[in-house]
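Subject: Structure handover, charged residues

Dear colleague,

Here is the structure I promised to pass on. My notes on its charged residues follow below it.

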Amino acid sequence: MTHPSSGEPGSEGAASGSADELIEAWDEMREFVDQVPPEYDRLVLQCARELAADPGGALAYRWTTGLVLALPFLAAGGPGEGVREAAFGAAQAVDRALRDEPCGHQEHPYEGDLAADQWSFAEILRDLGGGEPVAWVVPLPREQWLCPRNTAGYARVVMASLRPGSVDDVPPFLPFEDRYELDGLTAIMEGYPLGRTYDIAWDLTSAASALREADREDLAGRVFVATALAWYAEVEADGTVDIQELLDTLTEGFERALGLLDAGPCGHEVHPELPQDTTETLSVGMHLASARGRAAYEKWPEEWAIELDTALCPAFVAATAEDSLRRLRNTP
């Protein structure tokens, strides 16, 4: 590979070529994490090597953002042995090198909504000097993206994703493996399955099976995910998709949930209704199915999102499970 600043030759494959080619590969890795060619591993390792060699250098922002773009692959795509560890070590080195650099900014991009911002990272990198510039349309100015403390912040995002609990001063975000599942299920429900969806019934049943094993803390979220799947099953019960295994799995899951939940009186005068839109209820459920997702849900609620306190109420969750179970049993 030719280093953008030194012109020195290096490794081959997807990690070789111009900065534009690197950015394209990073963006592809984010969108198509089900495809795991060997160059993905090499690209992440190249980022790690560049950062390990100069964690506080002028191009640290580029390689660190590359690791952020690689997080869906690292979380859900099955990287090779040692790749995650190399990425974590490189991010840790960047954080140590840059987190205490002087800075007069009141805010940084890494403190925003990662799920929303990540879609524009490739374009931002091109504009920041990685290739052909594009019109600057993101809220914060370039100097805040290039700020060493912002680079350190994104390094901590990488650390938090690869090793939950390793840092505690980054905004909460839905775990990438959950985002991967949410995006796939949402696409199915909207009628446009992603290319990685080879068997709709299998994907749906796999998601439903999580309710049969969910911890008590994650039970509410998994009940709501299963509820969205049950609504979808009602529509697809005409035989378009073979859903019998899905129906059986959902039934078992709801029955288990009702055995664990306290459906007795609670302190709420009234409980909210789940969103009528199936994909919105699915999103609520996926966020409430993990501690990190619940923290993100509380910080950036959608207008249609129900309050976290009442969403987690055992009586409300039990009533939802009971209603879903009744509807399932009435599905032809």
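A residue is called buried when its relative accessible area is under 20%, exposed when that area is over 50%, and partly exposed in between. By that cut-off Arg156 counts as buried, because its relative accessibility is 5%. Please keep in mind that this is a predicted model.

Salt bridges

The structure holds eleven salt bridges. Three of them are described here.

Arg156 pairs with Asp169, and their closest N and O atoms are 3.1 Å apart. Arg156 belongs to helix 8 (148-162), while Asp169 sits in the loop between helix 8 and helix 9 (176-189), so the bridge ties together parts that are 13 residues apart in sequence. Unlike the buried Arg156, Asp169 is partly exposed, with a relative accessible area of 31%.

The second bridge joins Glu181 and Arg222, with 3.5 Å between the closest N and O atoms. Since Glu181 lies in helix 9 and Arg222 in helix 11, this pair ties together parts that are 41 residues apart in sequence. Arg222 counts as buried, at 10% relative accessibility.

In the third, Arg212 and Glu252 bring their closest N and O atoms to 2.7 Å. This bridge links distant parts of the chain, 40 residues apart: Arg212 is in the loop between helix 10 (200-209) and helix 11, and Glu252 is in helix 12. Both partners are partly exposed: Glu252 has a relative accessible area of 40%, and Arg212 has one of 34%.

There is also a network to note. Asp95, Arg99, Arg156 and Asp169 are joined into one by salt bridges that share partners.

Surface patch

Which residues gather in a patch of negative charge on the surface? They are Asp199, Asp242, Glu245 and Asp248. Of these, Asp242 lies in the loop between helix 11 (219-236) and helix 12 (244-260). Asp242 is exposed, because its relative accessible area of 62% is over the 50% cut-off.

Arg294

Arg294 is part of helix 14, which covers residues 291-299. Is Arg294 buried or exposed? With a relative accessibility of 15%, Arg294 counts as buried. Apart from neighbours within four places in sequence, Arg294 is in contact with two acidic residues, Glu217 and Asp218, and also with His287, Leu288, Ala289, Leu308 and Leu312.

Regards

Notes
Residues are numbered from 1 along each chain as its sequence is written. This is a predicted model: local features need pLDDT of at least 70, side-chain atom pairs count only at pLDDT 80 or more; totals for chains, interfaces and linings use all residues. Side-chain values use heavy atoms; hydrogens and water are left out. Patches are made of residues with over 30% relative accessible area and no salt bridge: like charges are joined within 9 Å, nonpolar side chains (Val, Leu, Ile, Met, Phe, Trp, Tyr) within 5 Å. Accessible areas come from the Shrake-Rupley method with a 1.4 Å probe; for residues, only the protein chains shown count as cover. A salt bridge is a side-chain nitrogen of Lys or Arg within 4 Å of a carboxyl oxygen of Asp or Glu. Lys and Arg count as positive and Asp and Glu as negative; His and the chain ends are not counted. The place of a charge is taken as NZ of Lys, CZ of Arg, CG of Asp or CD of Glu. Helices (H or I, at least four residues) and strands (E, at least two) are DSSP runs, numbered from the N terminus. Buried means under 20% relative accessible area, exposed over 50%, partly exposed in between (1.4 Å probe, protein chains only). Contact means heavy atoms within 4.5 Å.
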